Amino acid sequence: MTDLQLGLEAANRAVQNDTLHNYTDALYAYESAINHMHRALSVEIDPQRQFIISSKIKEYQARCTHIREHAVRSNAKNPLEEATNIAVQATTADNDGRLDDAVRLYGQACQLFSDILRSSDIADPSKQKMREMVGAYNVRAEQIRQQQTQQSSIMQKIPFSMQQQGGDGKYHDPLYKPSFSDKFRNYTGL
């Protein structure tokens, strides 16, 4: 499936969850749709399709913002504690290699910290620390997005048949470089 198809599927799930008032699931699905559509946009060459994808990304981002603002206003938990917990989850996901989750969680943490900065009277040193955290999380999320975009463009340059199946009918990693013993085994059949 292409990133655009994955993005459209995620967008459909988001709208369904949003309609059913499952805002947490809707937010997750909207963010997934946004991430996939960003990747699709980076490889799309048709200007008309670029415009459509870009407008959908903006629409979904606006809905995410609305859901987050509603969640911050209606959430009985301490918003600072929630933002900190989400930031910890993002870092854990990043360290575990769950990069899509990490990007989504970094985005949520940044949004919550930004909402807190706008809506509360916090001491200046704490505000500065939060701004630095938001900056660092945004930079890391962007690095992950760029890394995923580069990997996606590399995979698109490799013929699909090479990505999926080797001549022996087995699935292979196209970036795998066989060792001498692998080559020997393939050559001798041992």
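**Exercise 1. Work out how H1 and H2 sit against each other.**

*Solution.* Let's start with handedness: H1 and H2 make a left-handed crossing. Keep in mind as you go that this is a predicted model.

Step 1: find the helices. H1 covers residues 3-19 and H2 covers residues 23-43. Their axes come within 7 Å, and the crossing angle is roughly 160 degrees.

Step 2: turn the angle into a direction. Angles over 145 degrees count as roughly antiparallel, so H1 is roughly antiparallel to H2.

Step 3: look at who touches whom. On the H1 side you'll find Leu4, Leu8, Ala11 and Val15, among others, and on the H2 side the list includes Tyr23, Ala26, Tyr30, Ala33 and Met37. Sorted by class, the H1 and H2 contact has 14 nonpolar, four polar and five charged residues.

**Exercise 2. Do the same for H4 and H5.**

*Solution.* Step 1: geometry. H4 spans residues 79-95, H5 spans residues 99-119, and the two pack at about 160 degrees with axes 8 Å apart.

Step 2: direction. That angle makes H4 roughly antiparallel to H5. The crossing of this pair is left-handed.

Step 3: contacts. H4 brings in residues including Pro79, Leu80, Ala83, Ile86, Ala87 and Ala90, while H5 offers, among them, Leu105, Tyr106, Leu112, Phe113 and Ile116. The class count for H4 with H5 is 15 nonpolar, four polar and three charged.

**Exercise 3. Now take H2 and H5: at what angle do they pack, and which residues meet?**

*Solution.* Step 1: H2 and H5 pack at about 115 degrees, and their axes are 10 Å apart.

Step 2: the range for roughly perpendicular is 65 to 115 degrees, and H2 is therefore described as roughly perpendicular to H5. The crossing is right-handed.

Step 3: from H2 come Leu27, Tyr28, Glu31, Asn35 and Arg39, and they meet Asp100, Asp101, Val103, Arg104 and Gln108 of H5. Split by class, the H2 and H5 contact has three nonpolar, two polar and five charged residues.

**Exercise 4. Sort Tyr23, Ser32, Cys64 and Asp115 into buried or partly exposed, and say what surrounds them.**

*Solution.* You'll need one cut-off: buried means under 20% relative accessible area, and partly exposed lies between that and 50%.

Step 1: Tyr23. This residue is in H2. Its relative accessibility is 27%, so Tyr23 counts as partly exposed. Skip the neighbours within four places in sequence, and Tyr23 is in contact with Asp18, Arg63 and Ile67. Ile67 is 44 residues away in sequence, yet the C-alpha atoms of Tyr23 and Ile67 are 6.8 Å apart.

Step 2: Ser32. Another H2 residue, Ser32 has a relative accessible area of 17% and is therefore buried. Beyond its neighbours within four places, Ser32 is in contact with Ala10 and Arg13. Both of these partners also appear on the H1 side of the contact with H2.

Step 3: Cys64. Look for this one in H3, residues 47-74. With a relative accessible area of 2%, Cys64 is buried. Leaving out residues up to four places away in sequence, Cys64 touches Leu27, Tyr30, Glu31 and Ile34. Measure out to Gln108, 44 residues along, and the C-alpha to C-alpha distance is 9.3 Å.

Step 4: Asp115. This aspartate is in H5. Charged side chain or not, Asp115 comes in at 6% relative accessibility and so counts as buried. The C-alpha atoms of Asp115 and Pro79 are 8.9 Å apart, with their positions 36 residues apart along the chain.

**Exercise 5. Step back and describe the whole chain: how many helices and strands does it have, and how much of it is buried?**

*Solution.* Step 1: count the elements. There are eight helices and zero strands. Read from the N terminus, the order is α-α-α-α-α-α-α-α.

Step 2: check burial. The chain has 190 residues, and 33% of them count as buried.

Step 3: check the surface. The accessible surface is about 12,200 Å², with 54% of that belonging to carbon and sulfur atoms.

Step 4: check how far apart in sequence the contacts reach. Take the contacts with a separation of 6 or more: 53% of them are between residues 24 or more positions apart.

Conventions:
Residues numbered from 1 in each chain as written. Predicted model: local features only at pLDDT ≥ 70, side-chain atom pairs only at ≥ 80, totals over all residues. Heavy atoms only, no water. Axes fitted to C-alpha atoms, helices over the stretch in contact; angles between N-to-C directions. Helix = DSSP H or I, 4+ residues; strand = E, 2+ residues; numbered from the N terminus. Parallel < 35°, antiparallel > 145°, perpendicular 65-115°, else oblique. Left-handed = near helix turned anticlockwise from the far one by under 90°. Contact = heavy atoms within 4.5 Å. Nonpolar A, V, L, I, M, F, W, Y, C, P; charged D, E, K, R; others polar. Buried < 20%, exposed > 50% of the residue type's maximum accessible area, 1.4 Å probe, protein only. Areas by Shrake-Rupley, 256 points an atom, 1.4 Å probe, with all protein chains shown as cover.
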